[in-house]
Amino acid sequence: FPTRRSSDLKIKAISFSGKTYLPGYPPNLFGGFQNLEFFDGENLDVSKIDSLYALFLGDEKLNNVKLENWDVSHIRTFRGMFAGTSIKKLDLSKWNFSEAPNSTKRDLFGSAESLEEITLPESFFNLTEQDKKYFENENNISIWSITGLYSNPQKTNIHNDKWVRKEDKKEINDFSELKMTDKSNAGTWTRRYKRIVFRDLEIKDIVSFDDELNNQELPLPKN
């Protein structure tokens, strides 16, 4: 992480009052802000740089960002950009990933396990000549294996969620099922908690609830 002053660690929000150009090569420029929760990048212009490497890496409390309109058409690497954040929703539908090989999206969402909704454009699922050289079998690489987009390989009674695409209600268990080279995977994917079960080892009562009860208070079993 960049060296942060003690005053930096108290920052909870970052915004830009006027048109601001991001400097040449800013790896981890906004990373390491331990209390950063909100980043408003609407006035930040990234069109003159070619890397967003680890831009927010490790901002564990960052849960809300505004950067939907960024021009990323010249960006060559997004590696680790959102890794380790607590962002809940990302709309990248206007982003043009055409210049970024899949190999440069490594850990883009690594350990960002708070994500509940993400919108990915068709350009995200590109296949460059560099990819063909980098991967032995480029057609088998998954979104999860490259980007680290939250997966759930070990399901339990608490973590039994699925992802549903808004456009056609397609369901997947996790992003290891979707290939990085298939443009038909574009769209808005929403995380759904299909079933949660509370168990008390000292009693036999089991209480379960489904999607429609997610926002309601649930009484737990009484002894």
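**Note on two lysines and on model confidence**

1. Setting aside neighbours within four places in sequence, lysine 105 contacts Phe97, Ala100, Ser123, Phe124, Asn126, Ile146, Thr147 and Met180. The model discussed here is a predicted one.

2. Lysine 105 is placed in the loop between strand E6 (89-91) and strand E7 (117-120). Its relative accessibility is 0%, and lysine 105 therefore counts as buried, the cut-off for that class being under 20%.

3. What lies 2.7 Å from a polar atom of the lysine 105 side chain? The backbone oxygen of phenylalanine 124 is found at that distance. Phe124 is also listed among the contacts of lysine 105.

4. Lysine 169 belongs to another loop, which runs between strand E8 (161-165) and strand E9 (171-172). Is lysine 169 buried or exposed? Lysine 169 counts as exposed because its relative accessibility is 58%, and the exposed class begins over 50%.

5. Tryptophan 189 is separated from lysine 169 by 20 residues in sequence. In space, the C-alpha to C-alpha distance between lysine 169 and tryptophan 189 is 9.2 Å.

6. As to confidence, the protein has a mean pLDDT of 82, and 78% of its residues reach 70 or more. Two segments deserve comment. Over residues 153-158 pLDDT stays under 50, and the model has 9 contacts beyond four places in sequence for this segment. Over residues 201-218 pLDDT likewise stays under 50, with 27 such contacts in the model. Predicted coordinates should not be read in detail where pLDDT is low.

Methods
Residues are numbered from 1 along each chain as its sequence is written. This is a predicted model: local features need pLDDT of at least 70, side-chain atom pairs count only at pLDDT 80 or more; totals for chains, interfaces and linings use all residues. Side-chain values use heavy atoms; hydrogens and water are left out. Helices (H or I, at least four residues) and strands (E, at least two) are DSSP runs, numbered from the N terminus. Buried means under 20% relative accessible area, exposed over 50%, partly exposed in between (1.4 Å probe, protein chains only). A polar contact is a pair of N or O atoms within 3.5 Å; within protein, one must be able to donate a hydrogen and the other to accept it, and residues adjacent in sequence count only if both atoms are side-chain atoms. Contact means heavy atoms within 4.5 Å. pLDDT is the predictor's confidence in each residue, from 0 to 100.
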